[in-house]
Amino acid sequence: MVSVPDTQPAPLRRDRGNAVLGGVCAGLAPRLGLDPLVLRVGFAAAACLGGLGGFLYAICWVLLPPGGGDERALMARAIGRRESWMVASGLGLLVLAVLLLFRAWGLWIGDAVVWPLVLATGGGALIWRQSQGAEVVAPAAREAARPGGGAGRPRRILRLARPSLGIVALGAALVVGAALVFLWLNGALVPDRDVTLAVLVVVTALTLILAPWWLRLTRGLTEERAERIRTQERAELAAHLHDSVLQTLALMQKRAADPREVAALARRQERELRAWLNAGSRRERGASLAAALEAAVAEIEDAHGVPVELVAVGDRTLDERAEALVAATREAVLNAVKFAPMAAISVYAEVQDGRAEVFVRDRGPGFDLDAVPPDRRGLRESVLGRMERYGGRAAIHTRPGEGTEVELVMAA
Amino acid sequence: MLVDDHGLFRAGVRAELDGLVDVVGDAGAVDEAIDCIVERDPDVVLLDVQMPEGGGAEVIRGVAPRRPAVRFLALSVSDAPEDVISIIRAGARGYVTKTISGPELADAVRRVASGDAVFSPRLAGFVLDAFAGQEEAAPAVADPELDQLTAREREVLRHIARGYLYKEIALRLGISAKTVEAHVSAVLRKLQLSNRHELSRWAVQRGWVE
């Protein structure tokens, strides 16, 4: 593969995969050509000298979109999702303590600046966090929208809380509060109450005016997202159909002269398509007797171009004895294919309370059981012997002109 | 009569049944089908399960009040349990898949016309599966007769699932072919009439019915 030189610089992102706190340093470091550790030390030092570092870090955190993998930062991973509120308040108190410490030490810019800044940063961070939460929810919702709802899949879906109006309102209130505190501390509020009132009224009016546009915008975004998901699914469907069905149809046209081959191709494609359509809607089956039987029958159908009908009632897990049963079934079916070439073959499997019975039946010519010479005991050995070795039993019922039925029984 | 929204398929079945069974008409949509059936009054209607606007079940529901004597045989591409069960419960007397051969289809049509039920091996398997966990059924069962299969019926169904014809089953079990048919009809009746918790629970468990 020819490697294309990277002419465009990669977009600036937070690297969540290699993150300690929020991935800011890990994300910025490659662009600046520095080691992330150097950046981290730099930020920490700047934080100590007047709190600027922490502030800068927080700004970068909210401004840089997350990237670099779904792994969460070291801290977030260590703490876990459930206690997010406790974590948030804990961190908040820690920051408060550090700020108060700086205040006591005299490394302070000034009350009037720092407190509003802190409040504003907190409120802004909350709002931005919520808006980013909305983006990550979409893939999870898409998983749910797929047929079957993804229920029962062991995959962990990264779940962020839906953007809750309450938290956004809280964030907005914090920002507004920060502004008010700033004004108050700087003495700009006291003289003119009317001015504050006027400002509040104007702000409310603006919000009311802009609200419908904002709502339309969000709705448009949601619709676009849904459209995108639909297009993706359609593309997936088209790709699958192209890979399998179109190929088979083309092949069938080429082999049109051989009806048996055409029928075999059609049957195989039908089975594959059915399995693909049902893949989401049926519950997933792990290793089970029924699934193993289906696989074995499908293999024989494909290899020999003979239709084999399988009906399965009940199921059990695939242990050693069940595997022996599947192998014996396969031998019986192969035998039917060999000696009853044009006949319909049907396999019926029933599992009740762990006890499995399989009947392989064909409508071929049948044969006389007693007349089989001892040196041609293929069926007997491969089927009967195998079953008996695992504690089951097998019986062959056949008569010339009446087809053959092989009965296999395996205890629980 | 043939009801299927695939025109090509209808033509094919007509050709296959030509000479074996008298085809009096065909229809490609639910409303058209209901009107046609009411008008021509056939003995048997070959009905596709999956059609737009309600499918085969809707046709049965539309025709039943006006022409109760008409019998329906479901013919479908799908052998998914949800399709099978829903059309049987709507009132079809049999279910075969579209890969069936012409003569076998004609035979099935004749059997349904004479009042029997036609069970494909797969349908028999579904029914056995549905009635399987019955031994520990709840004591307060509304109609025990409806909610369980007798041992004989179970045996007959097993043989059908194994691919035996009614004649062969009769031979093996030492009963007459008529008795076999009676058993199968009884099973069909149980499937149709029992709106019981077991069948619904079975279907819900497998996520086929909400």
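In which sense, parallel or antiparallel, do strands E5 and E6 of chain B pair, and over how many bridges? Before I answer, let me say that what we have on the screen is a predicted model, and that its scores are an ipTM of 0.72 and a pTM of 0.55.

To the question, then: strand E5 of chain B, which covers residues 94–97, pairs with E6(B) in the parallel sense, and two bridges hold that pairing. If you want to find the pairing on the screen, B:Gly94 has B:Val118 of E6(B) as its bridge partner, and B:Tyr95 has B:Phe119, also in E6(B), as its partner. Towards E4, the strand of residues 71–76 in chain B, E5(B) is joined by three bridges, again with the strands running parallel, and there B:Leu75 is matched with B:Val96 of E5(B). Between E5(B) and E6(B) the chain passes through helix H5, residues 102–113 of chain B, in a β-α-β crossover that is left-handed.

These strands belong to an open sheet of six in chain B, ordered E2-E1-E3-E4-E5-E6 and paired in parallel. Strand E2, at 26–27, and strand E6, at 118–119, each have a single partner strand, and therefore one side of each is left without a neighbour in the sheet.

Staying with chain B, I would like to point to B:Asp41, which sits in the loop between helix H2 (30–40) and strand E3 (44–47). B:Asp41 is not a glycine, and yet the model gives it a positive phi of about 55°. Is B:Asp41 partly exposed or buried? It counts as partly exposed, because it has 14 C-beta neighbours inside 10 Å, where 20 or more would be needed for a residue to be called buried.

Now to chain A, which has 412 residues, 19% of them buried, and which contains 12 helices and seven strands. Of the contacts in chain A with a separation of 6 or more, 68% are between residues 24 or more positions apart.

Chain A has an open sheet of five strands in the order E3-E4-E5-E7-E6, and here the pairing is mixed. Its edge strands are E3, residues 308–313, and E6, residues 393–398, each of which pairs on one side only, and neighbouring strands of this sheet are turned by 10° against each other on average, with direction ignored. For an antiparallel example, take E6(A) and strand E7, residues 404–410 of chain A, which are joined by six bridges; within this part of the sheet, A:His397 stands opposite A:Glu405 of E7(A).

Which helices lie against this sheet? From chain A, helix H10, residues 289–304, lies across E3, E4 (345–352) and E5 (355–362), and runs at about 180° to E3(A). From chain B, helix H6, residues 121–130, packs on the sheet as well, touching E3 and E4 of chain A, with a direction that makes about 10° with that of E3(A).

That brings me to the contact between the chains, which takes 12 residues from chain A and 11 residues from chain B. On the side of chain B, H6 and helix H8 (151–161) each supply at least two residues, and the largest share, five residues, comes from H6(B). By character, the residues on that side divide into four charged, three polar and four nonpolar.

Helix H8(B) deserves a closer look. Buried within it are B:Val156, B:Leu157, B:Arg158, B:His159, B:Ile160 and B:Ala161. The buried residues of H8(B) pack against E3 and E4 of chain A, and, within chain B, against E6, H6, helix H9 (166–173) and helix H10 (177–193). Just after H8(B) comes B:Gly163, with a positive phi of about 100°.

Let me finish with confidence. Chain B averages a pLDDT of 78, with 84% of its residues scoring at least 70. Among its elements, E3(B) has the highest mean pLDDT, 88, while helix H11, residues 197–205, has the lowest, 56. Over residues 134–142 of chain B the pLDDT is below 50, and beyond near neighbours in sequence this stretch has seven contacts in the model. Where pLDDT is low, the predicted coordinates should not be read in detail.

Note on methods: Residues numbered from 1 in each chain as written. Chains lettered and ligands numbered in written order. Predicted model: local features only at pLDDT ≥ 70, side-chain atom pairs only at ≥ 80, totals over all residues. Pairing = 2+ DSSP bridges. Helix = DSSP H or I, 4+ residues; strand = E, 2+ residues; numbered from the N terminus. Buried ≥ 20, exposed ≤ 12 C-beta atoms within 10 Å, placed from the backbone. Contact = placed C-beta atoms within 7 Å. Axes fitted to C-alpha atoms, helices over the stretch in contact; angles between N-to-C directions. pLDDT = per-residue confidence, 0-100. Nonpolar A, V, L, I, M, F, W, Y, C, P; charged D, E, K, R; others polar. Right-handed = clockwise from strand over helix to strand, strands pointing away.
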